[in-house]
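Hi,

Here is the structure I promised to pass on. Have a look, and then read my notes underneath.

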Amino acid sequence: MPRSDKHVFRRPDGETLESLAADIGLSLTPNERDDYETLVSGAIDGLAGIEQGPSFDPGLEPVTLDGRERGYRPTVDEDPLNAWITKGEVRGETDGPLSDVTVGVKDSIAVAGYEMTAGSRVLEGFVPRIDASVVSRLLEDGATIAGKLNMESFAWSGRGDISDFGPVENPHGENRLPGGSSSGSAAAPANDECDVALGTDQAGSVRIPSSWCGLVGLKPTHGLVPYTGTLPLEVSLDHIGPMAPTVDLVATALDAIAGVDVVDGIQLDQRQPRSLETDSYADSVDDNIESLSIAVLEEGFGWEFSESEVDDAVRDTAATFEDLGVSCETVSVPIHRRGVSAWAAIASQGGRRLLREGGVGTNHTGWTWTRLARALKSALDARTDELPPTVKRSLLAGEFLADTYGVEPYAKGRNVAMAARQMYDEILAEHDALLLPTTATRAFEGPAAFDRVDALEREIQTIVNTCPFNLTGHPAVSVPCAKPDGLPVGAMLVGSRFDETTLLALAGAYERATEWEDQP
C-alpha cells in the first residue's frame, strides 16, 4: 500500500485491519470492520501535521564535510588485528587538550560522512549525516578521529568474534579473543594504532575488552556521558566510555565527553539527569588516596568458572592498595550473584522491543534519530535471517517471554536492579569503592574452539561481574593488574554514582605504583 500524494502515512484496508485486530485479540463483525477502517484511517490522516514542520534541529550535522575523507576499508597490512572497519582522518580544532590525541570510534557511534555498520552487513551502506555528541566534543577539544572500529554485531556479545567483518584478534595472545562488544576499541589502542578509543557498554562492553587486552576502560555513571547519535541497545543500560593504555588518557577523554547534552535549552538525551555537574577528571588522577577505603566484594570472586590466576591477581591488588595507605575490608553483597539474571530479563525484553522499534522506543522526551530508525526497520524487515546468533537468541527469548508473561520478567528484573543499587549504595556509604575482578576469566580461545551452543552458553561468563553495574548505573573502571602466562587480568573499581574522580584517583595511584605486565 504505497503512500499517495494525498496521505502522508499509509491507511489500512479492511483486510489488513481485520488481521491486526486478530493479532491483538479483537473480533470484528463486518460492520465493525467497515466502521473502524474509516475511524483508523481518519486517525492516521490526523498525523499529517508531524510531517509539515518545523521540526527540532539538534545541531548535530557538521557545518561542512569539506576536508573530511569518507574513509576506506584498510588492508590486512594496515590492520593486522582486524580492529578497524573504516580508517580515515577527521581533524578537530587546532588547539585543545586533545590536540595531539588520535581517537578510534566504535562503529555504533555516528561520525558524519563515515559509514556506520554496527558490526553488521545488515546496516552496511548507512552513512550518518550527524556527529554523535561525544564525537563533536572530542573534535572541539582538538582530537583527531582516526576511523571506525570493529565491534560485535549490534553490540550483542562479550567475546570479540561475532562481527560480520570478521573476528578481532587480541594483541596479547595468538588465537585469543579480545572481548566485546567493543572489540576493536580495545585492540587498536592496545596495539598502539590510536591513543584512545570510545566504546559503548550495556553489560560490560568497555570493561571486558579492556580487561582482556590490558587497557584502562571506564564505564561512567549512567547519564554522565550523552548517548545522542549512538545505536542503543536498551535505554536504561546504555553507556559510552573511553578506553586507553593509561588512566590519564581515559580521564582526559572523559573531561571532553562528559556533561549534559543541551541545545537551545532543550536536553537531547533523557538518560541524563536534568541537573548534571561534571568535575575536572584529569586533575583527579593525581589526588591523594591515603584516607580512602575499599570494600573487596566477596561475591565477585570464586564463580564456578573463575580462574584462580584472576582471583589471586585481584586480591594482590587489594594488598597493593593497602601498601599505598588505603584500608581494605572484605564485604558481602549476595544480590550481586543475581545481577546477571536481572540483566538478562531487561536486555532480552527491552533490547528486543527497542530493536524492533528502530532504536527509538517510546515514553521518553529526548531527541530521536529518525533516519537511523528508518534504516534499521528497512534493513531488519529484509534481512532478519542475517542477524548473528547472539541477537537471534535474545530476540527469540524476548518474544517468548513477552508472548507468555507479558512485561513481567522485565519488571521483575528492574526491581532486582533497584534492590541491588540500594545494597551497593549501603556499602559505598561506608567505603569509597568496591574492588572485584572485571572478568572471572582471562581471554577466551579463538572462535574455532567452540560450537555455537557452547560459545553462547560460555559467553555469560564474560559479564557476570560487569553487568550488575549497568543495571544500577554506578561508575566502574577496569585497570590492568597482572599478566599471568602472558594474558592480562583486569581489576574493577566501582564507585558511588557521579564520583568518577575517586575511582580515577585510585586507579592512577595504583598505575603509578605497579608495573602490571611484570606481575605473574
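Let's start with one residue: is Pro189 buried or exposed? Pro189 is buried, at a relative accessible area of 1% (buried means under 20%, exposed over 50% and partly exposed in between, with a 1.4 Å probe and protein chains only).

Before going on, note that this is a predicted model, where local features need pLDDT of at least 70, side-chain atom pairs count only at pLDDT 80 or more, and totals for chains, interfaces and linings use all residues. Residues are numbered from 1 along each chain as its sequence is written, and side-chain values use heavy atoms, leaving out hydrogens and water.

Back to Pro189, which sits in helix H4 (residues 183-190); helices are DSSP runs of H or I with at least four residues, numbered from the N terminus. Leaving aside neighbours within four places in sequence, its contacts (heavy atoms within 4.5 Å) include Cys194, Leu215 and Met243. Val103 is 86 residues away along the chain, yet its C-alpha atom is 8.8 Å from that of Pro189.

Now the cysteines. There are 0 disulfides, taking one as a pair of cysteine sulfur atoms within 2.5 Å. For Cys194, the nearest cysteine sulfur belongs to Cys213, 12 Å away. Cys194 is also buried, at 5% relative accessibility. Cys467 is in no disulfide either, with the sulfur of Cys213 again the nearest, at 20 Å. Cys467 has 0% relative accessibility, so it counts as buried.

Cheers

Conventions
Helices (H or I, at least four residues) and strands (E, at least two) are DSSP runs, numbered from the N terminus.
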